[in-house]
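Visitor: I would like to take a close look at one part of this structure, the pairs of oppositely charged side chains, and then to see what lies around them. Could you guide me slowly?

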Amino acid sequence: MKLTRSLSKVSTRYDLSRDELAALLDGEPHFRVDQVWHGLYSELAEPAALTSLPKTLRERLADIDELQPSLHPVVESSTDNDDTTKWLFELHDGRRIETVLMHYEDRSTVCISSQAGCAMGCGFCATGQAGFDRQLTTGEIVEQYVRAQQRAGDRRVSNVVFMGMGEPLANFDRVWRAIEKLHHEIGLGARNITVSTVGVVPGIRKLTEARLPVNLAVSLHAANDTLRSSLVPLNDRYPLDVLIDACRDYMDVKGRRVSFEWALIDNVNDRESDADELAAIAAPLGAHVNVIPLNPTPGYLVMGSPRKSVNRFVKNLSDRGVNTTVRDTRGVDIDAACGQLAARVPPKSPVVLQARPHEKAD
Ligand code: SAH
Ligand code: SF4
C-alpha cells in the first residue's frame, strides 16, 4: 500500500509547516515528526537518508511526494578554484531558476532567485528579457539555500542575497516566509539577508514594518527619472521621489543603511553628471553604493563601463562624500549574472559548462 498523502496545494519539503509534516506522517509519534523536522532544518539532510530513523519510516518518507527534492540541477558549473558555483535548476513544472554560491575570505554568500523569470522588463537584464514565468514557493526559495550549504560543506553559508532571478518584493509573502524560515528554523541572522529590489515601493513599506532587520538594496542605476525610466520601466509607476521617500522612511524606522545598486553602462550612466545626481541622493541619506560594470546580455547590445570609467565614477562619488564598493565580476565566466545561464541553455539539454577562472574588477 502506498502511504503517500497529498496536500491540496502544491507544496515542497520546505513549504510544509510542522503541522502539515505531522499530517503527512499520520500515525507516527510526535518525536519522529520532530526528528524529520530537525533533519530538514538543522542537518539540512535528505529525510529518507536520516540514519536516526527506522528503515520502515525512511521508506515511507521516500514515498511521499511533498518530501522529494523540488530543485533538479540541469547545470552545475564551478570556477576552477571552486570559489563560485552556479546552478540552473529545473522545477517540477519545467520552469528554470538560477542560484549562485560565492566563497570569499571572510564569508560565503548564496545569491537566490525569488521568481522564475521576472515581469519588470528591465532591458539590460537577461531575466527581464525572457519575461515572467511564475512565483517561486517559499520552499523553492529555502531549498536553494539548502543546496548551496550542502555544496559548501564545512564552510557556513552565512549570507543570503535575493539577487538572482526575479523581483523579490513582487512575491512578498512567499519571500518573507522564506526569510522567516531561514532565520527562525535554519538560524541565519536576519542582518545577513539582503533583499534587492528594483523599487517596488509598497514592498519597501512592508519591509519597513516587518520585524526582522533584513538589509535593503535598491537597484537605482539612474538618478534622474528620464534615464531611469528608460532603464527600469517600473520607474514610471514609482518615480524617484516616491522611491527615495520610501528608502528614507525605511532608514528612519529601521535605523539601517540602504544600499544602492548601480550597473555601470558605458556612456549611459557612468558620466560625471550621473555621479553628481547620484551623490545628491545618496550623500544626504548616508547610503552606500555598489557599482558593478554591466554584464553584456544577448538582448541589450551595450557594454559595461571599461575599468577606467569605473574608477573615474567611483572617484567622483567618493569626492562627493559617497561610500562606494565595486562588486567583483564574480562568475561572469560561468554566466553568473541574473538570468544569463538560463538564456544560454535551451530546455531539455543537460549540460555541464566548463568554466574559466574568474577575473576580478578592482
Ligand atoms: N529584481 C531585483 C533583484 C534581482 S536582479 C533587482 O532588480 O534588484 C539583481 C541585480 O542584478 C540588480 O541590481 C540588477 O540590476 C542586476 N543586474 C541585472 N542584469 C544585470 C546585468 N546584465 N549586468 C549587471 N547587473 C545586472
Ligand atoms: Fe527583474 Fe531585477 Fe532583472 Fe529588472 S533587474 S528585470 S527587476 S530581475
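Visitor: With which residue does arginine 96 form a salt bridge, and how far apart are the closest N and O atoms?

Guide: Please keep in mind that this is a predicted model. Arginine 96 forms its salt bridge with glutamate 90, and the closest N and O atoms of the two are 3.1 Å apart. Side chains of opposite charge can pair when their charged atoms come close. Both partners are buried, arginine 96 as well as glutamate 90, and buried here means a relative accessible area under 20%.

A second pair can be read against that one. Arginine 95 forms a salt bridge with aspartate 93, where the closest N and O atoms are 3.9 Å apart. Arginine 95 counts as partly exposed because its relative accessibility is 33%, and aspartate 93, with a relative accessible area of 34%, is partly exposed too. This pair does not stand alone, for Asp93 and Arg95 belong to a network of salt bridges that also links Arg134 and Glu140.

A third pair joins aspartate 82 and arginine 151, whose side chains meet in a salt bridge with an N to O distance of 2.9 Å. Aspartate 82 lies in the loop between strand 1 (72-78) and strand 2 (84-90), while arginine 151 lies in helix 5 (residues 138-152), so the pair ties together parts that are 69 residues apart in sequence. Aspartate 82 is partly exposed, with a relative accessible area of 27%, and arginine 151 is partly exposed as well, at 31%. Counted by the same rule over the model, the salt bridges come to 20.

Elsewhere, helix 9 (residues 240-254) shows how burial can be arranged along an element. Its buried residues include Leu240, Leu243, Ile244 and Tyr250, and, seen down the helix axis, the buried residues fall within an arc of 155°, so they line one face of helix 9. These buried residues pack against several elements, among them helix 7 (201-209), strand 9 (215-219) and helix 10 (272-285), whereas the face turned away from the buried side carries the exposed residues Asp241, Asp252 and Val253. After helix 9 comes glycine 255, whose phi is positive, near 65°.

Finally, turn to ligand 2, which has nine residues around it, and of these Cys118, Met120, Cys122, Cys125 and Gly128 come nearest. In contrast to the charged pairs above, the shell around ligand 2 holds no charged residues, since it divides into six nonpolar and three polar ones.

Terms used
Residues numbered from 1 in each chain as written. Chains lettered and ligands numbered in written order. Predicted model: local features only at pLDDT ≥ 70, side-chain atom pairs only at ≥ 80, totals over all residues. Heavy atoms only, no water. Near = heavy atom within 4 Å. Nonpolar A, V, L, I, M, F, W, Y, C, P; charged D, E, K, R; others polar. Salt bridge = Lys/Arg side-chain N within 4 Å of Asp/Glu carboxyl O. Helix = DSSP H or I, 4+ residues; strand = E, 2+ residues; numbered from the N terminus. Buried < 20%, exposed > 50% of the residue type's maximum accessible area, 1.4 Å probe, protein only. Arc of directions from axis to C-beta. Contact = heavy atoms within 4.5 Å.
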